[in-house]
Every structure is written in structure tokens, then in C-alpha cells.
Amino acid sequence: MSPWLTVVGIGEDGFSGLGKPARRALLGATKVFGGQRQLDLLPRCISGERLLWPSPFSLAPLLALRGEPVCVLASGDPMFFGVGASLARQLVPEEMRVLSMPSSCSLAAARLGWPLQEVTILSVVARPLATLNAHVYSGVRLLVLSNDGSSPAAIARLLRERGFGPSRLHVFEHLGGAGEDHLQGTAEQWSHTRVADLNLLAIECLASADAPRLSPLAGLPDTAFKHDGQLTKRDVRAITLARLAPQPGQLLWDVGAGSGSISIEWMRAHPSCRALAIESDEGRQLLIEHNRDALGVPGLQLIRGRAPQALAGLERPDAIFIGGGVTRAGVLQGCWEQLRPGGRLIANAVTLQSELALVNWREQNGGELTRIHIAQAQPLGEFDTWRQALPITLLEAIKPADA
């Protein structure tokens with residue numbers, strides 16, 4: 001099969017910057033799809049019909065032309081946060097060829113002298129700014145694809161609020177074109193309320209002396225979360241997440257999520273990790289919504305309801321954590337039945353009744369029980385002594401692959 005579709009990456013220098021294969025494809029196309037900005041870069045000699053993408057965006061008009069010689073225009077590298085990636089999910093490789101130009105991130109890294117493999121690349125195009133909160137650490141370099149001309153000022157404000165005011169910002173406008181410009185400054189002194197809509201933001205993250213030091217590893221300080229006391233504490237949380245073993249792309253059910261600490265840290269483990277936080281208390285639902293944004297995982301989905309009823313119809317998970325409700329009829333068994341084969345079920349118990357529920361369930365279904373004792377040194381008169389926290393009983397069960 002010869003490709004009927006050619007996806008052409010085009011830079012700010014327009015048609016003149018394209019190679020011969022891209023020019024030939026455009027000259028031979030009966031139809032050319034793209035955004036208005038890309039289509040305006042084409043000269044009159046391109047005779048194919050120029051078609052804007054529909055709003056809301058859809059590939060359907062393009063796919064309906066399967067078999068015709070068609071071109072799609074995209075900015076820079078079409079496979080980098082571009083339409084090429086969307087098309088690749090719809091077409092077999094033999095139907096499509098992609099002719100790339102340098103991406104805006106490649107151009108920015110070249111301008112700054114930053115090794116691209118050492119940079120974290122993010123996009124806030126039609127995405128919440130809160131996503132950045134999971135990636136802001138002192139010493140990290142970020143390249144951020146802006147949504148529009150207001151994005152750099154909004155990101156500078158976010159950095160100041162996080163205690164990263166000293167961070168160095170570079171805004172590149174119209175990279176690769178005649179109108180290219182480079183604005184610089186710190187987040188705490190950023191004065192450009194609006195820049196060109198076509199821009200890319202580079203950030204050298206630097207924390208102020210009093211900024212909280214949060215790690216990408218499991219076991220964030222309890223103070224990182226707003227909570228009402230319903231919180232899996234730091235040391236137990238780190239142990240629990242180690243047993244849950246987050247894997248890229250996997251889905252967690254956090255049942256009785258409380259403040260959302262387990263599902264939030266699960267999602268912080270990898271950008272593609274997903275989680276559903278199931279919580280019935282309205283006050284705690286608000287805490288989850290605050291914490292997920294503050295800690296950079298706005299994609300955490302809140303399920304408002306009580307297990308097991310709230311679990312009906314949800315996507316089957318790869319892992320389940322039950323932090324509350326193990327004594328409620330149907331919760332443990334219902335979760336086990338919905339868990340994917342090979343998945344992990346972790347449940348924590350504090351009371352005698354919840355511990356007994358785990359013991360009885362283990363007798364029927366198997367698994368491993370672990371008792372966790374945590375003690376902290378605290379004052380006793382002129383001296384210190386160990387103050388024992390409530391012991392935790394942890395159940396871990398792996399569902400057989402053939403179940």
C-alpha cells in the first residue's frame with residue numbers, strides 16, 4: 001500500500017523552508033487540511049482545496065477522503081504533541097508518511113544550549129496549568145508549550161505561589177520565523193502580561209530558601225495535603241504505594257479516598273498513571289479537588305459516592321487501595337471481582353473489626369498480611385520516649401492471571 005496521506009511539518013519560514021518531498025506532496029494534493037495559520041503560509045501555486053479543521057476538532061472529514069492524495073499541515077514536528085500522533089492512532093503506517101521539521105522545543109533548546117535529553121517537556125495547550133505542579137523541582141529545566149499569549153504570565157504566577165520566584169523564564173515568540181523574539185526574566189519580576197499567542201516557555205526552576213521541598217518519590221510530608229485527619233500518614237503511605245507498585249498507564253481505584261493522598265501519589269509516579277478517587281463525604285471531596293491541583297495531578301477523577309454502590313460501571317482497575325470501608329458488606333469482594341487479572345489489592349485496617357474483616361477475607365481468597373508499627377520520639381519531661389502510632393494491618397493480594 002502506498003501512502004495516500006502526507007503530513008507535512010511546516011515552520012514559521014513557511015513554504016520556502018520545506019524540502020523537496022514536502023513541496024511535491026503539497027503540489028500534488030487534491031486537498032490540504034490545516035489550521036488557518038498554516039494554510040496562510042502556502043503560496044498560490046498550491047492548487048489543492050484548502051480545508052480548515054472543523055470545530056470541535058474531528059478527523060472524520062479527512063478520513064472520509066481515504067485513497068485521495070491529501071496533505072495535512074502541522075507546526076514543526078507533527079508527531080510531537082501534534083495531529084500526526086492522532087492520525088497514527090487511526091491509520092496503519094502504510095497509509096501515511098510524515099515529513100517533519102524541527103519542533104519548537106528543538107529550536108528553543110538550540111537557542112539556549114540546553115541538551116534536549118536533559119529537559120522535561122510539557123504542554124498546557126488545552127490542559128490545566130496545575131499539571132506543572134508535579135514537575136517543578138529546583139534545578140529542573142522545563143520546556144512548556146503555551147496555550148496562548150497569557151500562558152507565560154499565568155505560569156510565572158504559579159511559580160511564585162509555589163515558592164519558585166527566582167526561576168529564570170525565557171519566552172520564545174515565532175521560533176524559526178522572521179518575527180522571532182526572545183523575552184527573559186524571573187518569575188517574581190515577570191512583567192509581560194501578554195506575549196504572542198505562538199510562543200514557547202523555557203524555565204530554569206529555582207526554589208526560594210523557604211519553599212517546601214517535595215520529592216517525586218512516594219511519601220510526601222503530611223503537610224503537603226490539606227486534610228481533616230482522614231489521611232494515610234507518610235510512612236504508611238510510602239509502604240502502601242510500594243505494595244501498589246504503580247506502572248505506566250495503569251488505573252488505580254482509591255476506595256474511601258479521604259484527602260486523596262494515595263491516588264495523588266500514584267499519579268505522580270508516572271505521567272500516564274490514572275486514578276479514580278471514590279469518596280462519599282462532601283468535605284473530603286473538596287479536599288481531594290484542592291490537593292490534586294496543588295500537587296500537579298488535575299486529571300485525578302473524583303467519584304462522588306460510597307462503595308460498593310459507587311463502583312458500578314467504572315473501568316476495571318489494575319490496582320485497588322481500600323483505605324476505608326472494609327467492614328462494609330460487599331466492598332472487599334466487589335473490589336476483588338472487578339480487579340483485572342494480575343492486579344494488586346491493598347487494604348489497610350486500624351480497628352479490630354476491620355482487621356478481622358481482612359483476616360476472614362484472606363482465609364477465603366489468599367494474600368499476605370503485614371503489621372506496621374510506627375513510633376516517633378517525643379518529649380517526656382526532661383527526656384524523650386517513643387510514642388507509638390496506631391498499628392496498621394495491611395492486606396496485599398495479587399489476583400491470579402487466569403482469574
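Colleague: Which residues does serine 259 touch, not counting residues up to four places away in sequence?

Modeller: To read such a feature, one looks for partners that lie apart along the chain. In this predicted model, serine 259 touches Lys226, His227, Gln230 and Leu231, and also Ile264, Leu287, Ile288 and Asn291.

Colleague: Where is the place of serine 259, and is this residue buried or exposed?

Modeller: Serine 259 sits in the loop that joins β11 (251–255) and α8 (261–268). Its relative accessibility is 1%, and buried means under 20%, so serine 259 counts as buried.

Colleague: I should like to turn to the sheets. In what order do the strands of the parallel sheet stand?

Modeller: One reads a sheet from one edge to the other, strand by strand. Here 5 strands make up an open sheet with parallel pairing, and their order is β3-β2-β4-β1-β5. At its edges are β3 (49–52) and β5 (96–99), each of which pairs on one side only. On average, and with direction ignored, neighbouring strands of this sheet are turned by 20° against each other.

Colleague: How many bridges are there between β1 and β5?

Modeller: Strand β1, residues 5–10, pairs with β5 over 4 bridges in the parallel sense. Within this pair of strands, leucine 5 stands opposite methionine 96 of β5.

Colleague: Which strands does helix α1 lie across?

Modeller: For a helix on a sheet, one asks what it crosses and at what angle. Helix α1 (residues 20–28) lies across β1, β2 (31–34), β4 (70–75) and β5, and its direction is at about 130° to β5.

Colleague: What is the pairing in the sheet that contains β6?

Modeller: The pairing there is mixed: 5 strands form an open sheet in the order β6-β7-β10-β8-β9. Its edge strands, β6 (120–123) and β9 (181–186), each pair on one side only. One pair within it is β8 (residues 168–173) with β10 (residues 199–204), which run antiparallel and are joined by 6 bridges. In this pair, histidine 170 is opposite alanine 202 of β10.

Colleague: At what angle does helix α6 run to β10?

Modeller: Helix α6, residues 151–161, runs at about 20° to β10 and lies across β7 (141–145), β8 and β10.

Colleague: What feature does UniProt place at residues 5–189?

Modeller: An annotation comes from a record and is read beside the coordinates. The unreviewed UniProt entry gives "domain: Tetrapyrrole methylase" for residues 5–189. Over that stretch, the model's chain is 23% helix and 24% strand, with 47 Å between the end C-alpha atoms.

Note on methods
Residues numbered from 1 in each chain as written. Predicted model: local features only at pLDDT ≥ 70, side-chain atom pairs only at ≥ 80, totals over all residues. Heavy atoms only, no water. Pairing = 2+ DSSP bridges. Helix = DSSP H or I, 4+ residues; strand = E, 2+ residues; numbered from the N terminus. Axes fitted to C-alpha atoms, helices over the stretch in contact; angles between N-to-C directions. Contact = heavy atoms within 4.5 Å. Buried < 20%, exposed > 50% of the residue type's maximum accessible area, 1.4 Å probe, protein only. UniProt positions renumbered as here; feature names shortened; annotations may be inferred.
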